[in-house]
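Colleague: I'd like to learn how to read helix packing and sheets in a model. Can we go through one together?

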Amino acid sequence: MYNKKHLVLTAAVTAVVVFLSTSAFFIGEGGMTGEKLVKARKMIVDNYVDPLSQEQQERMDDAAISAMVDSLGDPYSRYLNEQDFADYQEENEEEYVGIGISVTFTPEDNTLTVMSPYDNSPAQKAGILPGDRIVRVDGVEVTAETYNDVINHIKDENAKEGEQIVLSIERGEENEQLDITVKRGHVDIQTITTKMFGNSIGYIRIAQFINRTEEDFKAGLEQLKADGMKGLIIDLRNNPGGYAHTVLSMADMLLPEGTIAYLEDNKGRREYFESDAEELGLDMVVLINGGTASAAELLAGSIQAYGLGTLVGEKSFGKAVGQSPLALTKNSAIYLTNARYYTPKGECIDKKGIEPDEVVELAPELYSRLTLLTLEEDTQLSRGIEILTEKIGA
């Protein structure tokens with residue numbers, strides 16, 4: 001099994017991470033590092049026509065830090081002020097009232113892209129698809145300046161179930177313009193679904209990697225084995241990622257002894273994560289699409305690298321960088337991209353995605369009903385069953 005002493009570092013692999021650092025970099029208590037920044041701050045405080053209150057100085061500090069992070073042009077890094085940090089902690093809750101989507105923002109072109117709607121979430125039920133670009137929310141245009149306000153409006157902690165929100169989106173290469181009304185509702189992230197096809201093909205859908213996913217996955221595998229499973233389909237479509245320790249533990253259950261993945265930071269230092277000799281030992285098919293991202297790509301890429309499963313579907317999202325929230329004060333942090341991760345073969349799929357072994361396309365509108373499709377409609381799953389049937393002779 002991979003060494004659990006590395007869990008704090010592995011959080012950098014995923015799109016959703018735990019709070020890591022208590023190292024200090026206090027703004028307003030000693031100023032910023034960097035002579036020019038310190039001089040600029042003092043110049044403003046000492047010479048501005050009106051005396052600046054403590055609250056004004058804190059807003060100025062927040063704006064300066066936010067601008068520094070934004071200047072990186074990285075869609076995943078962001079400054080978390082006191083409110084943002086509280087929201088970030090709330091995001092890690094596995095039950096809440098909201099619409100249930102994972103998004104990423106690219107400041108260069110003001111693009112807020114849906115990585116994935118959660119299974120059975122209000123967003124999925126309303127028809128939001130992976131890859132949809134949100135351009136306005138309740139009439140407010142999404143820009144670098146409005147991004148935080150827009151996100152806070154979507155997540156509105158005071159919102160009630162049943163309240164509506166209108167997402168104006170662009171879809172596909174033709175930039176189809178749509179206004180989609182979503183009713184906020186109770187989001188309870190259920191991440192594991194299992195079933196048997198016939199007497200020998202097991203199926204596990206992993207919607208996301210959260211705290212309870214590992215335990216549910218293990219229980220699901222044991223039940224499928226008891227039911228006579230001889231081959232396994234792992235469905236990672238529309239899975240936006242999750243906790244590093246969860247996906248690494250799950251990969252360890254499937255892979256033979258060897259490297260699951262490794263991280264590399266900006267100094268070239270590598271952190272390897274290993275699997276023990278115990279493995280599933282069955283033929284696998286992994287279903288992926290454009291909503292398969294981050295930790296889900298790590299799992300799919302590792303299985304592909306070992307030649308243990310056939311990847312079926314469409315090219316994945318392409319996120320192989322990790323973030324960690326680095327503490328500034330007790331109530332603020334910089335959520336910073338600080339590592340890249342690589343498959344066992346040393347491949348980094350960031351901005352490239354993983355190409356499936358067999359391309360099977362699914363009509364985009366069907367992804368909003370992914371968990372409700374019949375086998376006739378779900379051509380990717382149907383092909384996965386065919387591949388396993390041929391391999392195991394079922």
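**Helices, a sheet and a buried leucine**

Modeller: Start with helix 7 (residues 213–226) and helix 8, whose axes lie 9 Å apart and pack at an angle of about 20 degrees. Bear in mind that this is a predicted model, where local features need pLDDT of at least 70 and side-chain atom pairs count only at pLDDT 80 or more, while totals for chains, interfaces and linings use all residues. Residues are numbered from 1 along each chain as its sequence is written, and side-chain values use heavy atoms, with hydrogens and water left out.

Colleague: What does an angle of about 20 degrees make helix 7 relative to helix 8?

Modeller: Axes are lines fitted to C-alpha atoms, for helices over the stretch in contact, and angles run from 0 to 180 degrees between N-to-C directions. Angles under 35 degrees count as roughly parallel, over 145 as roughly antiparallel, 65 to 115 as roughly perpendicular and the rest as oblique. Helix 7 is therefore roughly parallel to helix 8.

Colleague: Which residues make that contact?

Modeller: Contact means heavy atoms within 4.5 Å. Helix 7 contributes T213, E214, F217, K218 and L221, and helix 8 contributes H245, T246, S249, M250, M253 and L254.

Colleague: And how do helix 8 and helix 9 cross?

Modeller: The axes of helix 8 (residues 244–254) and helix 9 (residues 295–305) come within 10 Å and cross at roughly 20 degrees. On the helix 8 side the contact involves V247, A251 and L254; on the helix 9 side, A295, L298, L299 and I303.

Colleague: On to the sheet: in what order do the six strands run?

Modeller: Two strands pair if DSSP finds at least two bridges between them. Here the open sheet has the order 10-11-12-15-16-19, with mixed pairing. Strand 10 (192–197) and strand 19 (358–359) are the edges; each has a single partner strand, so one side of each lacks a neighbour in the sheet. Strand 10 pairs with strand 11 (residues 201–206) in the antiparallel sense over six bridges, and K195 has Y203 of strand 11 as its bridge partner. Helix 7 packs on the sheet too, touching strand 10, strand 11 and strand 12.

Colleague: Is L232 buried or exposed?

Modeller: Buried means under 20% relative accessible area, exposed over 50%, partly exposed in between (1.4 Å probe, protein chains only). L232 sits in strand 12 (residues 231–235) and is buried, at 0%. Leaving aside neighbours within four places in sequence, its contacts include L221, L254 and L388. The C-alpha atoms of L232 and L388 are 7.8 Å apart, although 156 residues separate them along the chain.

Definitions and conventions
Helices (H or I, at least four residues) and strands (E, at least two) are DSSP runs, numbered from the N terminus.
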